[in-house]
Amino acid sequence: MFYIIGQMGNFMILFVVSKEQTLYKPMYLLLCMLAVTDIGMSTSAVPNALCIFWFNLKGMTVGGCLTQTFFLHTVYTMHSAVLVTMAFDRYVAMFNPLRYSTILTNTCIANLGLLGLIRAVLFILPMPLLLRRLPFCANRIIAHTYCDHIAVAKTSCGDITVNRMYGLVIVVLVFGLDLALIVLSYGLIIRAVLRISSKKAHQKALNICTAHICVMLISYTSVLLTTLIHRFGKGVAPHVHIILANLYVLLLPVLNPIIYGVRIKELHDKVGKYTCRI
């Protein structure tokens with residue numbers, strides 16, 4: 001149900017933005033990018049998990065597992081890049097509104113999206129290559145519903161220190177840096193919003209910022225918790241790892257369309273219009 005609701009919500013955003021020319025703006029193009037990463041994230045993991053429960057699927061080829069690892073982590077990283085770009089978009093809209101349309105054009109947003117994709121591929125490509133070199137002995141059972149990098153590495157009977165270190169580097173350099181930039185941007189934005197004298201403008205700015213901050217909190221809290229428990233939570237029960245990791249790929253795709261659909265009035269109105277037609 002979560003998977004179906006998430007897919008419907010994200011495809012609805014893509015459909016509405018593609019149909020409404022008034023929504024051909026940087027912020028809505030970024031929402032489309034976010035929707036695509038949400039669709040990719042859940043589709044990379046959930047169908048495989050459903051096959052385990054419904055059809056008793058117990059096996060997966062090494063190539064298939066490594067491919068899933070690559071795509072899943074690439075989408076995670078791309079998702080983070082989109083959130084940083086959204087924070088930058090709101091920063092420019094707040095502090096340089098007169099030049100907003102010239103600084104952040106649709107072409108600029110597309111280029112930033114492409115840059116985020118290239119970064120994701122370059123950072124994540126070593127992960128399956130590092131897993132490929134590991135020796136796998138008798139125990140080939142992954143205590144997970146999908147091929148997470150560290151979950152796969154833990155089934156190896158060899159030394160996985162390099163895998164652990166590289167995973168930690170990704171968390172610090174990619175997610176840590178992205179989170180720092182987002183916190184800085186929204187810190188400055190919130191400070192500026194609180195100084196706005198017009199009550200209507202204050203409320204509008206706060207509505208949009210609140211939607212973005214909700215998504216940031218859900219995204220980074222879940223991914224950091226999962227990463228830290230995997231690396232340092234030796235006493236944590238395996239089902240806690242699995243529940244947290246699955247919530248990340250299930251909750252975000254469901255909550256993102258709801259949060260933005262409710263908090264951003266223009267999008268809310270357009271989605272309402274098409275829903276009533278259907």
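In this tour a residue counts as buried when its relative accessible area is under 20%, as exposed when that area is over 50%, and as partly exposed in between. The structure in the viewer is a predicted model, and residue numbers run from 1 along the chain.

**First stop: a salt bridge between two helices**

Select D178 to begin; at 3% relative accessibility, which is under the 20% cut-off, this aspartate counts as buried. Now add R119, whose side chain meets that of D178 in a salt bridge, with 2.8 Å from N to O. Colouring the two helices separately helps here, because R119 lies in helix α5 (residues 106-124) and D178 in helix α8, so the pair ties together parts that are 59 residues apart in sequence. The two partners fall into separate accessibility classes, since R119, with a relative accessible area of 21%, is partly exposed, whereas D178 is buried.

**Second stop: the other salt bridge**

A search of the whole structure finds two salt bridges, and for the other one you should select D89 and R90, whose side chains meet at 2.7 Å, N to O. Both R90 and D89 are buried.

**Third stop: the largest cavity**

Next, display the internal cavities; the search of the whole structure finds two of 30 Å³ or more, and the largest of them holds about 260 Å³ of space. To centre the view on this largest cavity, select H73, Y76, D148, V223 and T227, which lie nearest its centre among the 21 residues of its lining.

Which helices should be shown around the largest cavity, each supplying at least two residues of its lining? They are α3 (62-95), α7 (149-153), α8 (161-193), α9 (199-232) and α10 (238-263). Of the elements that contribute, α9 gives the most to this lining, with six residues. If you colour the lining of the largest cavity by residue class, eleven of its residues are nonpolar, eight are polar and two are charged.

**Fourth stop: the second largest cavity**

Keep Y76 and V223 selected, as they also belong to the lining of the second largest cavity, and add H79, S80, L83, F175, S219, Y220 and Y248 to complete that lining. The space in this second largest cavity comes to about 30 Å³. Helices α3 and α9 each supply at least two residues of its lining, but here it is α3 that gives the most, with four residues. By class, the lining of the second largest cavity divides into six nonpolar residues and three polar ones, with no charged residue.

**Fifth stop: aromatic pairs**

The structure holds three aromatic pairs, and two of them close the tour. Select W54 and F55 and look along one ring: the ring centres are 6.3 Å apart and the planes stand at 85°, so the pair is edge-to-face. W54 counts as exposed at 62% relative accessibility, and F55 is exposed too, with a relative accessible area of 61%.

Then move to F70 and F71, where the ring centres are 5.5 Å apart and the planes stand at 70°, so this pair is likewise edge-to-face. Are these two rings carried by buried or exposed residues? F70 is buried, with a relative accessible area of 17%, while F71 is partly exposed, with a relative accessible area of 47%.

Note on methods: Predicted model: local features only at pLDDT ≥ 70, side-chain atom pairs only at ≥ 80, totals over all residues. Heavy atoms only, no water. 1 Å grid on protein atoms, 1.4 Å probe; cavity = no way out; pocket = protein on both sides within 12 Å on 5 of 7 lines; lining within 4 Å. Points joined across faces, edges and corners; volume = space filled by probe spheres on them. Nonpolar A, V, L, I, M, F, W, Y, C, P; charged D, E, K, R; others polar. Salt bridge = Lys/Arg side-chain N within 4 Å of Asp/Glu carboxyl O. Buried < 20%, exposed > 50% of the residue type's maximum accessible area, 1.4 Å probe, protein only. Phe/Tyr/Trp six-rings, centres within 6.5 Å; stacked < 30°, edge-to-face > 60°.
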